[in-house]
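Visitor: I'm new to this one, so could you walk me through it?
Guide: Sure, let's bring it up and start asking questions.

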Amino acid sequence: MRPSRILVVDDEPGIRESLSGILEDEGYEATAVETGEDCLSLLNEKTYHVVLLDIWLPAMDGLETLERIQQLDPSRRPIVVVISGHGTIESAVRATKLGALDFLEKPLSLEKVTVCVKNALERRRLLIENLSLREQVKTKFRIIGESIPMKALRQQLELMAPTNGRVLIYGESGTGKELIASAIHARSQRARAAFVEVNCAAIPEELIESELFGHVKGSFTGAHENKTGKFQQADGGTLFLDEVGDMSLNTQAKVLRVLEEQRFEPVGSGKTVQVDVRVIAATNKNLDNEISRGNFRDDLFYRLNVIPFAVPPLRERAEDIPLLAGYFLREFASEYGRRPKELTEAAQQALMDYSWPGNVRELRNLMERIVIMNPRSSIDAADLPPAPRRHAAASGRLQTANFKSLEEARKAYEREYVLKTLEGLGGNMTRAAAALGLERSHLYRKMKALGISLKES
């Protein structure tokens with residue numbers, strides 16, 4: 001491991017020599033210069049971790065030099081400790097405001113210098129670690145796509161993320177609504193606090209109130225200990241209510257009250273809990289329709305729908321598919337220690353021609369399967385799983401087929417559409433029926449009429 005680099009900037013040769021000797025004795029790599037101009041020149045050439053900077057310098061003084069240092073890229077910026085033989089409170093305060101970590105007066109104490117340098121190095125380590133974590137967060141919650149809908153989505157996200165406005169995210173299953181919610185939180189002023197997720201569709205009705213608001217021991221059968229609810233866990237941060245359209249009317253009423261008052265009582269407790277929570281909700285349902293059917297409260301809808309946010313389905317941004325597929329291939333190749341893989345133009349076109357009823361989730365799963373199961377580095381259309389491969393072949397056949405009537409053509413296209421939906425959802429009849437907007441029994445009749453067997457799907 002290379003020693004930390006320390007740069008000494010002082011116009012007195014004796015100070016430069018003594019500080020360099022002290023620092024080298026402590027195991028650091030020390031360099032000394034006599035002007036602010038020389039200091040900035042060296043900092044532009046290579047990275048130094050700490051600068052010991054005298055205020056009184058010829059030409060460019062220490063404070064001006066300090067201002068120029070603060071303009072460097074944060075990843076290369078050193079921690080500055082100001083030193084002076086004519087220190088005043090005013091100059092110390094100004095140096096601190098300009099970004100100096102500490103202020104040392106001459107004559108310098110060996111002990112003070114070494115302690116100060118160690119503190120400066122620790123501060124820089126923490127700053128670099130923080131920058132790295134922020135970069136990881138940006139990468140983790142990166143919104144991939146260069147299509148017009150995705151560029152518009154990113155612009156909208158950057159505008160509303162720093163606010164406290166409630167967000168309602170619309171989108172089909174698998175489009176990445178949770179990713180969008182996480183990205184909003186990561187770019188918000190609440191990013192350092194908790195991001196808490198609740199899947200409203202996955203929690204039984206009898207437990208949802210306890211899950212959201214918590215309970216006290218003995219408040220109901222099975223409540224063997226106190227439990228902190230999701231709203232309280234998210235205090236100061238963000239609560240993500242996924243599939244909010246599946247929440248019962250009874251629970252909706254209680255959530256509405258919490259949104260209005262920012263307080264609630266845990267189940268079985270007479271004590272009120274005050275919270276500060278930003279709520280982001282998501283749904284794959286048309287809430288206007290749900291309101292008209294009496295399944296969703298309009299007052300809750302208006303509370304949640306402060307900033308509506310629509311995530312487009314993958315079929316509406318086909319030009320993003322090669323970017324997403326390449327990203328997932330690299331991600332899984334790294335995760336599983338496999339050789340990197342690339343898609344041929346034919347494979348990319350086959351993926352772009354497919355309608356992706358399972359959206360980005362389906363594409364991600366498909367790329368994972370390719371990385372695990374295919375040893376070749378070049379992935380052609382023939383190497384793709386059956387759904388997109390068969391769809392590409394069928395599309396080619398349908399485009400060149402000579403149909404005898406419009407009815408025959410309509411049935412052919414309808415058959416292929418039902419088939420690709422079933423294939424994309426792994427043959428799951430319930431999910432396919434929902435995706436097609438049909439009752440499950442109607443789908444069976446439709447398949448029979450179109451000559452689709454269960455085995456074929």
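Visitor: Which residues form the negative surface patch?
Guide: Keep in mind that this is a predicted model. Patch members need over 30% relative accessible area, and Glu64, in helix α3 (residues 62-69), has 38% and so counts as partly exposed. The negative patch is formed by Asp11, Glu34, Glu37, Asp38, Asp61 and Glu64.

Visitor: Let's turn to salt bridges. How many are there by the rule used here?
Guide: The rule wants a side-chain nitrogen of Lys or Arg within 4 Å of a carboxyl oxygen of Asp or Glu. Going by that, the count is 25 salt bridges.

Visitor: What is the distance between the closest N and O atoms of Glu122 and Arg125?
Guide: Both residues sit in helix α5 (residues 110-140), three residues apart, about one turn of the helix. Glu122 is partly exposed because its relative accessible area is 37%, and Arg125 is partly exposed too, at 41%. The two form a salt bridge, and their closest N and O atoms are apart by 2.7 Å.

Visitor: Which residue forms a salt bridge with Lys254?
Guide: The closest N and O atoms of this bridge, Lys254 with Glu209, are 2.5 Å apart. It links distant parts of the chain, with Lys254 in helix α10 (residues 249-261) and its partner in helix α8 (residues 205-213), 45 residues apart. Lys254 is partly exposed at 29% relative accessibility, and the partner is partly exposed at 28%. So the rule of within 4 Å is met, and the partner is Glu209.

Visitor: How many residues apart are Glu331 and Arg364?
Guide: These two form a salt bridge, with the closest N and O atoms 3.6 Å apart. That pair links distant parts of the chain: Glu331 belongs to helix α13 (residues 321-336) and Arg364 to helix α15 (residues 359-373), and the separation is 33 residues.

Visitor: Is Glu331 buried, exposed or partly exposed, and what about Arg364?
Guide: Partly exposed is the range between under 20% and over 50% relative accessible area. Glu331 has 28% relative accessibility, so Glu331 is partly exposed. Arg364 comes to 31%, so the label for Arg364 is also partly exposed.

Visitor: Which residues are joined into one network by salt bridges that share partners?
Guide: Here the bridges have partners in common, and that is what ties the residues together. The members of the network are Arg2, Arg5, Glu29 and Lys46.

Visitor: On to the rings. How many aromatic pairs are there?
Guide: Ring centres have to lie within 6.5 Å to count as a pair. By this rule there are eight aromatic pairs.

Visitor: What kind of aromatic pair do Phe195 and Phe240 form?
Guide: Their centres are 6.1 Å apart, with 20° between the planes. The pair links distant parts of the chain, as Phe195 is in strand β7 (residues 195-199) and Phe240 in strand β10 (residues 238-242), 45 residues apart. Phe195 is partly exposed at 25% relative accessibility, whereas Phe240 is buried at 0%. Planes under 30 degrees apart count as stacked, so this pair is stacked.

Visitor: What is the angle between the ring planes of Phe332 and Tyr336?
Guide: Both residues lie in helix α13, four residues apart, about one turn of the helix. Phe332 is buried at 1% relative accessibility, while Tyr336 is partly exposed at 32%. Their ring centres are 6.1 Å apart and the pair is stacked, because the planes are at 15°.

Visitor: Which residues do ring pairs link into a cluster?
Guide: This cluster is built from ring pairs. Its members are Phe213, Phe231 and Phe264.

Visitor: Now for the backbone. Which residues does a cis peptide bond join?
Guide: One of the two is in the loop between β5 (102-105) and α5, namely Pro107. Omega of the bond is about -5°, and the residues it joins are Lys106 and Pro107.

Visitor: Is Glu243 buried or exposed?
Guide: Glu243 is in the loop between β10 and α10. Its phi is positive, near 50°, though it is a residue other than glycine. Under 20% relative accessible area means buried, and Glu243 has 12%, so the answer is buried.

Note on methods:
Residues are numbered from 1 along each chain as its sequence is written. This is a predicted model: local features need pLDDT of at least 70, side-chain atom pairs count only at pLDDT 80 or more; totals for chains, interfaces and linings use all residues. Side-chain values use heavy atoms; hydrogens and water are left out. Patches are made of residues with over 30% relative accessible area and no salt bridge: like charges are joined within 9 Å, nonpolar side chains (Val, Leu, Ile, Met, Phe, Trp, Tyr) within 5 Å. Accessible areas come from the Shrake-Rupley method with a 1.4 Å probe; for residues, only the protein chains shown count as cover. Lys and Arg count as positive and Asp and Glu as negative; His and the chain ends are not counted. The place of a charge is taken as NZ of Lys, CZ of Arg, CG of Asp or CD of Glu. Buried means under 20% relative accessible area, exposed over 50%, partly exposed in between (1.4 Å probe, protein chains only). Rings of Phe, Tyr and Trp (its six-membered ring) pair if their centres lie within 6.5 Å; planes under 30 degrees apart count as stacked, over 60 as edge-to-face and the rest as tilted.
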